Amino acid sequence: LSIGYAACHWCHVMAHESFEDDEVAAAMNAGFVCIKVDREERPDIDAVYMNATVALTGQGGWPMTCFLTPDGRPFFCGTYYPKAGFLQLLSAVSATWRDRRSEVEQASDQISGELRSMVSGLPDADLQIEPELLNHAVAAVLRDEDAEHGGFGGAPKFPPSALLEALLRHWERTGSPRALAAVQRAGAAMARGGMYDQLAGGFARYSVDNAWVVPHFEKMLYDNALLLRFYAHWARRTGDELAGRVAGETARFLLNELADADMFTSSLDADAAGREGSTYVWTPGQLKEVLGSDDGHWAASVFGVTEAGTFEAGASVLQLPNDPDDPGRFARVRTALLAARLTRPQPGRDDKVVTAWNGLAITALAEASVALNAPELGDAAAACATALVGLHLVDGRLRRASLGGRVGESAA
């Protein structure tokens, strides 16, 4: 069983290295029934086997590679394997299944039992959430803050949208300056770092480093919907100008790059023409080629583009450590760079329309419409809701996803 998703860089790598390779395909087809699952179409299946993968290896990720008994019980799990390692693994699993099947059955029974116990150990739904418990949770979260770079924990850093929403609400309830400071540090760091698209708006999925410099370049609808909502709330509740600007640009990213008629598609790939991030990164020479010497030098300073680079082969991801002192020049430079970027190979788009993710986008656009006094965003939210219900509500039940106007069979 291989589970992945369209925008995942390493899913593409493993597909090209292994699943499209004749030698690997022969080995797979000789010894296995091969199943490929899109985690966005079947998150229920993904959740079961991700729990197994984390339990067995201590970490998860995609592409997720699981070996199962014929009745679907996992007995060996991992993530990405290069071709040579994957061929060795296929051979070893085949031999183990053939010669030591009782051990495989015993392992799969044990893993299945552990997964059942994880489900049965969920908290009581009647648990009362009291202010004291919330205060304790906030204190624990703030102890984990990276006060230097913003956010929580170390690399890789994912945007903690729900956590920042919770801290913002805690600040409103209690007036806690520590909670608001943590929100401001994380929100500014993400918006000024390389994870945010400084030219077109919208956020990449996560940062590979702890300073929010280099992203994993895929852009997901659900991340951007959640982040749009957070930045809109931050802007409305505090009047922060950076939050308002980023909320507006992220909303425009949804409408410009992910919209398909009135609904929203799922994601943009990390890769373009087989190279991760190639659409988005720049060298000082490329800036000067597009903008001329003076503006190119200025843009390199503004966006943190250096000769050494922050990414690969001397290229840099654009950052915006500070607002430039010449807004007119900045707007002109951004427009020229974005136009030049559009002539490069562009990331592929996953055109699936996922019901739940569109629901997040509807909520975010509606709330951003109020926060930013932008009625057109409310109109977009209403149009999406109408189209989504019209296509995805079938016989009284919401379907999970559609593609090209054809709705899938799975329930939402």
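## A walk through the sheet, cores and pockets

Met220 stands opposite Ser267 in E10. That's a handy place to drop in on this structure, which is a predicted model. Met220 belongs to strand E7, which covers residues 219–220, while strand E10 spans residues 267–268. Two bridges hold E7 and E10 together, and the two strands run antiparallel.

Step back a little and you'll see that this pair is part of an open sheet of three strands, in the order E7-E10-E13. The pairing in this sheet is antiparallel. Strand E7 and strand E13 (349–350) are the edge strands, each pairing on one side only. As for what links strands like these, the strands of a sheet pair through backbone hydrogen bonds, and they can do so either parallel or antiparallel.

Now for the inside. Nonpolar side chains tend to be buried together in soluble globular proteins. Here, the largest nonpolar core is made of 66 residues. Tyr231 and Leu365 have the most contacts inside this core. Helix H9, residues 221–238, is its top contributor, giving 10 residues. To get a feel for the packing, pick out Leu365: leaving aside residues up to four places away in sequence, Leu365 touches Leu228, Ala251, Leu254 and Phe264, and also Leu377, Gly378, Ala380 and Ala381. There's another core as well, lying apart from that one. This other core has 16 residues, including Trp298, Ala299, Val302 and Ala340.

Next, look for the open spaces. The largest pocket holds about 560 Å³ of space. Its lining is built from 24 residues, and the ones closest to the centre are Leu1, Phe32, Val33, Phe67 and Leu68. Three elements give two or more residues each to this lining: helix H2 (22–31), strand E3 (64–68) and helix H4 (83–99). Of these, H4 gives the most, with six residues. What kinds of residues make up the lining of the largest pocket? They divide into 16 nonpolar, six polar and two charged.

Last stop: the second largest pocket, with a volume of about 410 Å³. This pocket is lined by 19 residues. If you want to find its centre, look for Trp10, Gly60, Gly61, Trp62 and Tyr206, the lining residues that lie nearest to it. By class, the lining of the second largest pocket has 10 nonpolar residues, six polar ones and three charged ones.

Note on methods
Residues numbered from 1 in each chain as written. Predicted model: local features only at pLDDT ≥ 70, side-chain atom pairs only at ≥ 80, totals over all residues. Heavy atoms only, no water. 1 Å grid on protein atoms, 1.4 Å probe; cavity = no way out; pocket = protein on both sides within 12 Å on 5 of 7 lines; lining within 4 Å. Points joined across faces, edges and corners; volume = space filled by probe spheres on them. Helix = DSSP H or I, 4+ residues; strand = E, 2+ residues; numbered from the N terminus. Nonpolar A, V, L, I, M, F, W, Y, C, P; charged D, E, K, R; others polar. Pairing = 2+ DSSP bridges. Core = buried A, V, L, I, M, F, W, Y, C linked by side-chain atoms within 4.5 Å. Buried < 20%, exposed > 50% of the residue type's maximum accessible area, 1.4 Å probe, protein only. Contact = heavy atoms within 4.5 Å.
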